[in-house]
Amino acid sequence: MGILNVTPDSFSDGGCWLDPGRAVEHGLALAARGADMVDVGGESTRPGARRVPVEEELARVLPVVRGLARQGVLVSIDTMRARVAEAAVDAGARIVNDVSGGRADEAMAKTAARAGVPFVVMHWRGQSQGMDDLAGYGDVVAEVVAEVGRQMDAVVSAGVDPEQVVLDPGLGFAKGRSDDWALLAALDAWAVLDRPLLVGPSRKRFLGELLADPATGEPRPARERDDATSAAAVLAAAQGAWAVRVHEVRAAADAVRVEAAVRAHRMTAGQVPV
Ligand code: PMM
């Protein structure tokens, strides 16, 4: 899943694709570099980000969704708002990716149910402005899986077909220092929920901190975290993830293909898959 943020303030690509023509071009380039789908977002969710008015979000995403869908790209709409999800599906989006998993807008689950498209339920504890304060876990893996499981039950009760639910651990969202690593290390724990898993490590803070400058302690800048993102993508793929959400598609797509080839070889060689 290639990332296309049509925002002025996303943490690594904010301001790059505000012009709809350039955004569509970039989405096509992501598809050409190996993305099976392109995730279009019009509201930054970086820690501390402020909400944008709904009309602004609509104006940012709709021309881009329409432009890409017309050219045959499978488009996902990254939004917490039912109105935006509905309009984007009307414009050709085929997946609704809600980082709040339906919690930010009570109309979302019913809207996704009506749309009848896959609905991403990500782990989320609250809006970006205060989310760093919402981290705090005993057993982060067990708690995140349980919270997402409850949210999945809630959206299914609102009418979403369970077969259309995709789950996501929400790396970087209300997660502390070691929480992202713990989640990335234990994706097999999600098997109990029996749904496809989307994983979003791309350029996130936990990678920047790992790669911090040894002299200054400064985190590696966001745009220099793509090699690490590809490594995380492989680890997610090896644990059975359905998709990884990345900015730099070519390297990550190549990397997961290598992992798939090795896995296929293990299977044909009769070895136990790991
Ligand atoms: N991360 C961001 C935005 N949307 N959606 C899903 N499903 N999973 C994520 O991890 C996720 C997301 C924030 O990253 P960005 O600002 O680089 O898009």
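Three exercises with worked solutions follow, on a buried threonine, an aromatic pair and two pockets of a predicted model.

Residues are numbered from 1 along each chain as its sequence is written. In this predicted model, local features need pLDDT of at least 70 and side-chain atom pairs count only at pLDDT 80 or more, while totals for chains, interfaces and linings use all residues, and side-chain values use heavy atoms, with hydrogens and water left out.

**Exercise 1.** Find where Thr111 sits and decide whether Thr111 is buried or exposed.

Step 1. Thr111 belongs to helix H4, residues 108-115. Helices (H or I, at least four residues) and strands (E, at least two) are DSSP runs, numbered from the N terminus.

Step 2. The relative accessibility of Thr111 is 6%, so Thr111 counts as buried. Buried means under 20% relative accessible area, exposed over 50%, and partly exposed in between (1.4 Å probe, protein chains only).

Step 3. With neighbours within four places in sequence set aside, Thr111 is in contact (heavy atoms within 4.5 Å) with Ala82 and Glu86.

**Exercise 2.** Describe the aromatic pair found in a search of the whole structure.

Step 1. The search finds one aromatic pair, made by Trp181 and Phe206. Rings of Phe, Tyr and Trp (its six-membered ring) pair if their centres lie within 6.5 Å; planes under 30 degrees apart count as stacked, over 60 as edge-to-face and the rest as tilted.

Step 2. The centres of Trp181 and Phe206 are 4.9 Å apart with 75° between the planes, and the pair is edge-to-face.

Step 3. Trp181 lies in helix H6 (residues 179-185) and Phe206 in helix H7, 25 residues apart, and the pair links distant parts of the chain.

Step 4. Trp181 counts as partly exposed because its relative accessibility is 32%. Phe206, with a relative accessible area of 4%, is buried.

**Exercise 3.** State the volume and lining of the largest pocket and of the second largest pocket.

Step 1. The largest pocket has a volume of about 630 Å³. On a 1 Å grid over the protein atoms alone, a pocket is an open set of points where a 1.4 Å probe fits, with protein on both sides within 12 Å along at least five of seven lines; lining residues have an atom within 4 Å of a point. Grid points are joined across faces, edges and corners, and a volume is the space filled by probe spheres set on the points.

Step 2. The lining of the largest pocket has nine nonpolar, ten polar and 15 charged residues. Ala, Val, Leu, Ile, Met, Phe, Trp, Tyr, Cys and Pro count as nonpolar, Asp, Glu, Lys and Arg as charged, and the others, Gly among them, as polar.

Step 3. The second largest pocket holds about 340 Å³. Its lining divides into 15 nonpolar, one polar and four charged residues, and H9 gives the most, eight residues.
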